[in-house]
Amino acid sequence: MNNIELLNIAETFGTPTYVYDSAIITQQYRKLRNSFKPLNVKLHYAMKALSNVNVLRVLKNEGAGLDAVSIQEIHLALRAGFTPETIMYTPNCVSFDEIKEAVEVGVTINLDNLNMLEKFGAHYGDSVSCCIRINPHIMAGGNSNISVGHIDSKFGISIHQMRHVVRIADHYNMKIVGLHMHTGSDILDADVFLRGANLLYDVANEFPDLQFMDFGSGFKVAYRDQDMSTDVEHIGQKIVESFQEFCTNYGRELELWFEPGKYIVSESGCLLVKTNVVKQTTSTVFAGVDSGQNHLLRPMMYNAYHRIDNISNDAGEKKLYSIVGNICESDTFGHDRLLNEVREGDILSISNAGAYGFSMSNQYNARFRPAEVLVHNGVPHLIRKRETLDDLIRNEVEIPSLIEEEELSNIH
Ligand SMILES: *Cc1c(COP(=O)(O)O)cnc(C)c1O
C-alpha cells in the first residue's frame, strides 16, 4: 500500500486504525508453503497473531489450517468456516474440561504435560488420538520472553521424560499420531530447526502410529531495514532433505506441519496514528500520537523495533523524534527516529504491526480499541468498527444500593 492509499484510509476510517493487505498475507503463506514443496506439508496459521474473521477466511481460501491456543479461538475458527480436521489445539495450562470440550468439537489435541496426558489416556484410551508437545530444550529466539523451548520454560513435555510418556501411552493403549515442538519466535538459524528436528526424529521411533510431525514456528521477519529475516527457502531445503531421510527410516511418509503466525501476517499490517502534539522538551522532541501501548504493546513489552514513517509529509526535512503514545505510562513507540518533519495532525504509519498488534490490544485508560481495515483486491474494507463507550461498560454491573446511598448523600 502506498502513502496515498494509506492517507485515504486514515481519512475515511479515522485513526488509530490497523490496516492489513491481504495480498501480502497470501504472498507470505505461499512462500512458506512452497519452501517445503516436495513434502506433504500443512501450515496451521497461529491465529493468536491476528484473528479477525476476514483474515482467517483469506487464509482458509489458500488452504491453510489453524493453530488455536484456547477453546475460544477454536470457536472463532469454526465461525470462519474451518472444519475441525483442519484445526490443531495447542493449549498450555488449561483445565481438562476445556480439553474435553475441544475433543467434542473434533480438533486435533496437542498435549503439553504428563498429568494431562495420563488423564487423557485414562478418559479416552484408544478412542481419541492426540499429539504430544515436546520441549527439546533448545535455546532459540530473539528475546527471553518469546523463547519457549529452554529448560526453564513452562511449555511442553521435556524430551528427557519420553520414557514416562511411552509408559503412559502403552498403559492406556493411546494413539499418539503426532509429535510437536515450538521452540520460540524469531529464529534465524536453519541449524536450530534441524537440531530440534533431529531430536524429534530420535524420539519418533518410540511411536508407531505417527501421522505427522509438527515443527512449530519461529520464522523471523525483518523489522529494521538492516534486519535479517528467516531464509525460509534455505530452511526448507535442509528440512526437506532431513525429513525425507527420516520418513525412509521410519518406514512411512508422514505429513510435516508448521504453525506460523508472525511470518504470515506481520508485514501485511501497519497501525495508522495521528499526531496530536509535537512537544519540545529540554532534551527531546516528542511526537505524541492518538494511540499507545494499549493498541500496540510490542515495543514496550518485547522492546520490539517497529519502523515509523510520517506519511503526510514525504518531502519534509528529516528531524529526530521520539514517538510516544497518549497513555499514562512511558509508552514509547520509537526513540530517536529520523522522520520527515512532523506537524500537528500528521499521520504516522507504524510498520510490521499485523502480528500481535490488535490481538494484544486492550482498553487501558478507558480508551477504545482501534478500527481494523483489510485491503482486499485493492479495495479497503472496514473489518472491525472502532469501539464506543458502550463497549467499555457492556459488562459492568451496578449495585443498586450504592446508587441509593449516593442519592441519600446528595440530600445531606
Ligand atoms: C505463538 C505460537 C506460534 C506462532 O509463533 P510465531 O512466532 O508468531 O510464528 C506457533 N505455535 C505455538 C504453539 C504458539 O504458541
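**Exercise 1. Is alanine 80 buried or exposed?**

Solution. The model is predicted.
- Start with the place: alanine 80 sits in the loop between helix 4 (71-79) and strand 4 (87-89).
- Take the accessibility next. Alanine 80 has a relative accessibility of 4%. The cut-off for buried is under 20%. Alanine 80 therefore counts as buried.
- Now list the contacts. Beyond its neighbours within four places in sequence, alanine 80 touches Val53, Leu56, Arg57 and Lys60.
- Finish with a distance. Methionine 116 is 36 residues from alanine 80 in sequence, and their C-alpha atoms are 29 Å apart.

**Exercise 2. Classify leucine 78 by accessibility and list its contacts.**

Solution.
- Leucine 78 belongs to helix 4.
- Its relative accessibility is 29%, so leucine 78 counts as partly exposed.
- Leaving out residues up to four places away in sequence, leucine 78 meets Pro84, Ile87 and Val105.
- Proline 380 lies 302 residues from leucine 78 along the sequence, with 25 Å between the C-alpha atoms.

**Exercise 3. Describe how helix 6 packs against helix 7.**

Solution.
- Two numbers come first: two packed helices are described by the angle between their axes and the distance between the axes.
- For helix 6 (residues 114-124) and helix 7 (residues 162-171), the angle is about 10° and the axes are 9 Å apart.
- Angles under 35 degrees count as roughly parallel. Helix 6 and helix 7 are therefore roughly parallel to each other.
- The crossing of helix 6 and helix 7 is right-handed.
- Name the residues. Helix 6 brings Leu114, Leu117 and Glu118, which meet His164, Val165 and Ile168 of helix 7.
- Sort them. The contact of helix 6 with helix 7 has four nonpolar residues, one polar and one charged.

**Exercise 4. Which residues of helix 7 are buried, and what covers them?**

Solution.
- The buried set is Met162, Val165, Val166, Ile168 and Ala169.
- Look down the axis of helix 7. These buried residues fall within an arc of 165°, so they line one face of the helix.
- The general rule helps here: an α-helix has 3.6 residues a turn, so residues three or four places apart point the same way.
- Turn to the other side. The face of helix 7 away from its buried side carries the exposed residues Arg163, Arg167, Asp170 and His171.
- The cover over the buried residues includes helix 6, strand 6 (130-135), strand 7 (157-158), strand 8 (176-180) and helix 8 (190-204).
- Check what follows the helix. Asparagine 173 comes after helix 7 and has a positive phi, near 60°.

**Exercise 5. Work out the geometry and make-up of the contact between helix 2 and helix 9.**

Solution.
- The axes of helix 2 (residues 22-35) and helix 9 (residues 232-250) come within 8 Å and cross at roughly 30°.
- That angle makes helix 2 roughly parallel to helix 9.
- On the helix 2 side are Lys31, Leu32 and Ser35; they meet Val232, Glu233, Gly236, Gln237 and Val240 of helix 9.
- By class, the contact of helix 2 with helix 9 holds three nonpolar, three polar and two charged residues.

**Exercise 6. Place histidine 44 and phenylalanine 96, and give the contacts of each.**

Solution.
- Histidine 44 is in strand 2 (residues 41-46). Its relative accessible area is 2%, so histidine 44 is buried.
- Outside residues up to four places away in sequence, histidine 44 touches Gly65, Leu66, Asp67, Thr86, Met88, Trp257, Phe258, Glu259 and Pro260.
- Phenylalanine 96 is in helix 5 (residues 96-105). With 12% relative accessibility, phenylalanine 96 counts as buried.
- Neighbours within four places in sequence aside, phenylalanine 96 is in contact with Met116, Lys119, Phe120, His123 and Tyr124.
- Histidine 137 is 41 residues from phenylalanine 96 along the chain, and the two C-alpha atoms are 26 Å apart.

**Exercise 7. Report the backbone features at proline 16, asparagine 352 and tyrosine 356.**

Solution.
- Proline 16 lies in the loop between helix 1 (3-13) and strand 1 (17-21). Its bond to threonine 15 is a cis peptide bond, with omega about -5°.
- Asparagine 352 is not a glycine, yet its phi is positive, about 55°. The residue occupies the loop between strand 16 (347-350) and strand 17 (371-376). At 9% relative accessibility, asparagine 352 counts as buried.
- Tyrosine 356 is in the loop between strand 16 and strand 17. Its phi is positive, near 55°. Tyrosine 356 has 15% relative accessibility and counts as buried.

Terms used. Residues numbered from 1 in each chain as written. Predicted model: local features only at pLDDT ≥ 70, side-chain atom pairs only at ≥ 80, totals over all residues. Heavy atoms only, no water. Helix = DSSP H or I, 4+ residues; strand = E, 2+ residues; numbered from the N terminus. Buried < 20%, exposed > 50% of the residue type's maximum accessible area, 1.4 Å probe, protein only. Contact = heavy atoms within 4.5 Å. Axes fitted to C-alpha atoms, helices over the stretch in contact; angles between N-to-C directions. Parallel < 35°, antiparallel > 145°, perpendicular 65-115°, else oblique. Left-handed = near helix turned anticlockwise from the far one by under 90°. Nonpolar A, V, L, I, M, F, W, Y, C, P; charged D, E, K, R; others polar. Arc of directions from axis to C-beta.
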